[in-house]
Every structure is written in structure tokens, then in C-alpha cells.
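Me: I should like to work through a protein chain step by step, with questions and reasoned answers. Please show the sequence and the structure before we begin.

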Amino acid sequence: MSRTESKIIALRPAAADNGDAAGQTVSLYQKQQKIYPRAVHGWFAAWRWALVWLTQLVFYGLPWLQWNGRQAVLFDLAARRFYIFGLVLYPQDFIYLTALLVICAYALFLFTAVGGRLWCGYACPQTVYTEIYMWVERKIEGDRSARMRLDQGPWTFQKLWRKTAKQVAWVAIGLWTGFTFVGYFTPIKTLGAEALTLGLGPWEWFWILFYGLATYGNAGYLREQVCKYMCPYARFQSAMFDRDTMIITYDATRGEPRGSRPRKANPKQLGLGHCIDCSLCVQVCPTGIDIRNGLQYECIGCAACIDVCNGVMDKMNYPRGLIRYSTQNGMSHGWTRAQMFKRVLRPRVLVYTAILAFIGAAFVGSLVLRSPFKVDVIRDRGALARIVEDGYVENVYRLQIMNALEQPERYRIGVSGLEGLRLASESQVEVEPAASRWVVVRVQLPPQHAEPLRGHTHPIEFRIDRLPQGGQTEHRVLERSTFLVPR
Ligand code: SF4
Ligand code: SF4
């Protein structure tokens, strides 16, 4: 057998009794079935939409807010400056971003331990944009059954214009999202003017199209597949779950045996539970699962099945909550809501809360107490040490002073650490608002003090004082360096 022939091994099912199946090839690829979620209304759907509005108002609106004559939130990568309202951050403040990510991670652990997939069901961008894209789809193509009919039907003018209108709306939302995203890194008003004249730079084009395409593809087509196959959080969150975590559950004790019945019929007399087997909970599920089969990793906790089943229970005059938020312990022990709430403050939750509170307090504290300016000292590599007039030993340094305030500031530079050490260059400098300035600083040591120190480097300290303006408190930054005395 040649190498080429041996690459593919056809799988053949065992022959059926009558031998019909012999010779058939089984495909290992299962075609993805398109899901047509039905529209749902109810308490949890209203919460989800409230979060859609809130998150999108913040995301789309924030770049347009102005603060002190500039964009309120701007991550200016070219100038290496990040503006968040009154805060001006430099790359040296990267620690704050790290702390923020740690806080977000712990908040996610905490909410997951207590409320399960609350993030996935209500606030994750994948959920939020899928909700928006599905809303557009429903408005143009109709609800579940109308969409199914449209997809299965032939290409008519009606189908063509509905499909085209949907694509136009989806692409527009995607592009606007990409534009907004880039507007956090390039002043959005300038970006808008450039976009209108098609004068965007190549990177701006790239990121607008890339982010727009990602939104379009993820929310329009991939949808539940992102949650099921691509999202890492879906995979590791089970490590944060325990038997007291709130999950969406079907009360099988109450619902089974399931079966249809007339509305006025008494289920007990028919030997039935409260589930009328209407399958609405499956039809509204964005991931296409049946929650009656128990907890499944595909469940994103959107609570659409709770809303729709509560509607069914209302119509049947049965109590609500056949599908509800509960815990595994709550379900197996038949606990009341109050009994389940008592288990919220368990050791795992307390540890997460304590860590989160500690990091949060440290984060806020360090932001409040952070220095209004930063200084970097770099030795001049070109001239490490030299002898100048009157035998003085001179070292040259470059100081970068970064003003983190939105007003011009004046600073006084001083140096200490060796007897007789003096500054031979300008000692006061002014730095523009939210700007940084490089200053060349010459430090000299008199010959009589340099003599015993020859051939060594010695630690010294730069002292940079923010000079009081209008009664503000003075602030001092100390930066260490070394002074070289040649042989
Ligand atoms: S929506 Fe409720 S009643 Fe209908 S099938 Fe689902 S669990 Fe049963
Ligand atoms: S099972 Fe219910 S909560 Fe889970 S994804 Fe489906 S509809 Fe949402």
C-alpha cells in the first residue's frame, strides 16, 4: 500500500442484522444544527435588557464624553498617556491595570461561587451582542417559526430583502462597535472626521474592520458556539461551583411525569406532574439544550427558560418556579429560599470576599495617595564621568519628569549623598499639563571631596520637589542613582 493511500481510513459501521448498513462510511463530523431561539419576555429578560442598555450606553457613550477640554477616557498609545477622567496615567502606572485585572478576576470568582453563571447570562459581551443581533433578526425576519419558514423556503423577493436588510443592520452595528473601540485609543472626534473623509490610517482601518468583523461573526453566526467551544471561562468555572452555588434547575420532583393535558384538568388525577411538555423552555434556549435533562455545561444561565416556564405555569394556574434559581443542596434537601441564602456565607465565599476587599482597598488607597508626578533618572551613557573646570568631577544624568496633573507644574531638583555634591545645571523646571519633559542634569563633586573616592561609584539621591502653587501641598519624589569618580 502506498503512503498516499494509507492516509484516510474509512470507518465502517458493523453490518446490521440484515446486512443493509455494510459498506456505509460514517462521518466523524457532526453538522451544527442552527438554533432559532424564540423571543421571551419576563422578569429575567427585563434584567438582561437593562444590562444590555447599561453596558452599551457606557461603551458607546464614554468616548464622546469630554473632560477638561479633552476626551474623558482615552488610551493614547502614541503619547504613552492614559486618561480616565481626572486621572492621567503613564506606562509606569501599569501596576494599576494589573491590580484592576486581579480585582476583576476575583470579582468573577466571587460572583460565580455565589450566583453561578451570572456574568455569562447577563453581562458578557458575547451575550449582550448576541441579544442585540437576535433582536435585529427578530425585527426583520420575525420570531422563531417565521425565521425557520424563511430559511427553509425558496429565494423570493421577500426573503432577499429581509436577508439583505438584516445583513446591512448587522454590518452597521459591527462597524459602529469597531469604530467605538478604536475611539478609545484615538480621539473619537478626530477619528469620526477622518472616517467621513475616508482618511483613516492603515491601523485604524485594520482595527475597526477587525473588531467589527469579530462582533458580526460572534454575535451574528457563532453565538452559542463561542460559549460552548471557545470561551475558557466556561471550562474552568466548574472549579468555582459547589453544591451551594445558585444554578438554574428544573424541579423534576414537581414536574415529572411530564405530559400534555387540558388546561382545566387536575394533573394529580391524570397521574402527571406540572410539566406540560410544551417544549417552550427548549425553544427559547439560546444554546438549544433541554434544562429538564439536568445541569449541563452548555447552560449559560440566561434564565430565558425560567421566564417562559413561569408564563406557562401562570396560564395553567400552577405555582411559578418549576424551573428556577436553586442550588444542588437546595434541590436535593428541598430547602426553602431562606435556607439556601444561609449557605451563601460559606468559607469559599468569605475567602474570596476578604481577598477582593483587601485588593480593592489597596487599589483605591494607592490611587488616592499616588504621586502627582513621576521621575525617571537615567545616567548619560556618553559621558559617565569627566573632570571639568577647577578639577570638579562631573556626572551627567537625564531626568524625565512626568506631570500627572492637568495644570502646568514647577519642580525643584536637588541632589545629595556625598559631601560637597552640587547641581551645576538649572535647578527649577516647568512641565506642561499632563506632559513629560526630559531635563539634562549636571552633578559636580569638588576635587578635595572626590580625591578619597577615586575609582569607585557611590550612591546618591535626587530630590525632586513639586513647588507649591496656589497653596497646594508640596510633594517630594526621591530617586536613587550612582555617582562615578574616575581614577
Ligand atoms: S416550559 Fe415548563 S412546562 Fe413547558 S416543557 Fe419546559 S418545563 Fe415543561
Ligand atoms: S437552559 Fe435555560 S438558562 Fe440555560 S442557557 Fe438554556 S435557556 Fe438559558
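Reply: What follows is a set of questions and answers on this predicted model.

Me: What radius of gyration does the chain have?

Reply: A compact globule of 487 residues would have a radius of gyration near 23 Å. The C-alpha trace of this chain spans about 110 × 60 × 60 Å along its principal axes. For the chain itself, the radius of gyration is 33 Å.

Me: How many helices and strands does the chain have, and what percentage of contacts between residues at least 6 apart in sequence join residues at least 24 apart?

Reply: The secondary structure of the chain comprises 18 helices and 16 strands. Among contacts between residues at least 6 apart in sequence, the share that joins residues at least 24 apart is 67%.

Me: How far apart do the centres of the positive and negative side chains lie?

Reply: The chain carries 57 positive side chains and 38 negative ones. Taking the centre of each set, the separation is 9 Å.

Me: What distance separates the end C-alpha atoms of helix 4?

Reply: Helix 4 covers residues 125-141, which is 17 residues. At 1.5 Å a residue, helix 4 should span 24 Å. The distance between its end C-alpha atoms agrees with this, at 23 Å.

Me: Is helix 4 largely enclosed or largely open, and how many of its residues are buried?

Reply: A residue counts as buried when its relative accessible area is under 20%. Helix 4 is largely enclosed by the rest of the structure, because its buried residues number 14 of the 17.

Me: Is tyrosine 133 buried or exposed?

Reply: Tyrosine 133 lies in helix 4. Leaving aside neighbours within four places in sequence, tyrosine 133 is in contact with several residues, including Trp170, Tyr216 and Arg223. Its relative accessibility is 0%, so tyrosine 133 counts as buried.

Me: What separates the C-alpha atoms of tyrosine 133 and proline 347?

Reply: Along the chain, tyrosine 133 and proline 347 are 214 residues apart. In space, the separation of their C-alpha atoms is 40 Å.

Me: Which residue just after helix 4 takes a positive phi?

Reply: Helix 4 consists of residues 125-141. Just after helix 4, a positive phi of about 95° is taken by glycine 142.

Me: Is histidine 274 buried or exposed?

Reply: Histidine 274 is placed in the loop between helix 12 and helix 13. Not counting residues up to four places away in sequence, histidine 274 touches eight residues listed here: Arg254, Gly255, Arg261, Pro267, Met313, Tyr318, Pro319 and Leu322. With a relative accessibility of 17%, histidine 274 counts as buried.

Conventions: Residues are numbered from 1 along each chain as its sequence is written. Chains are lettered from A and ligands numbered from 1 in the order in which they are written. This is a predicted model: local features need pLDDT of at least 70, side-chain atom pairs count only at pLDDT 80 or more; totals for chains, interfaces and linings use all residues. Side-chain values use heavy atoms; hydrogens and water are left out. Helices (H or I, at least four residues) and strands (E, at least two) are DSSP runs, numbered from the N terminus. The radius of gyration is taken over C-alpha atoms; the globule rule is 2.2 Å times the number of residues to the power 0.38. Contact means heavy atoms within 4.5 Å. Lys and Arg count as positive and Asp and Glu as negative; His and the chain ends are not counted. The place of a charge is taken as NZ of Lys, CZ of Arg, CG of Asp or CD of Glu. The expected span of a helix is 1.5 Å times one less than its number of residues. Buried means under 20% relative accessible area, exposed over 50%, partly exposed in between (1.4 Å probe, protein chains only).
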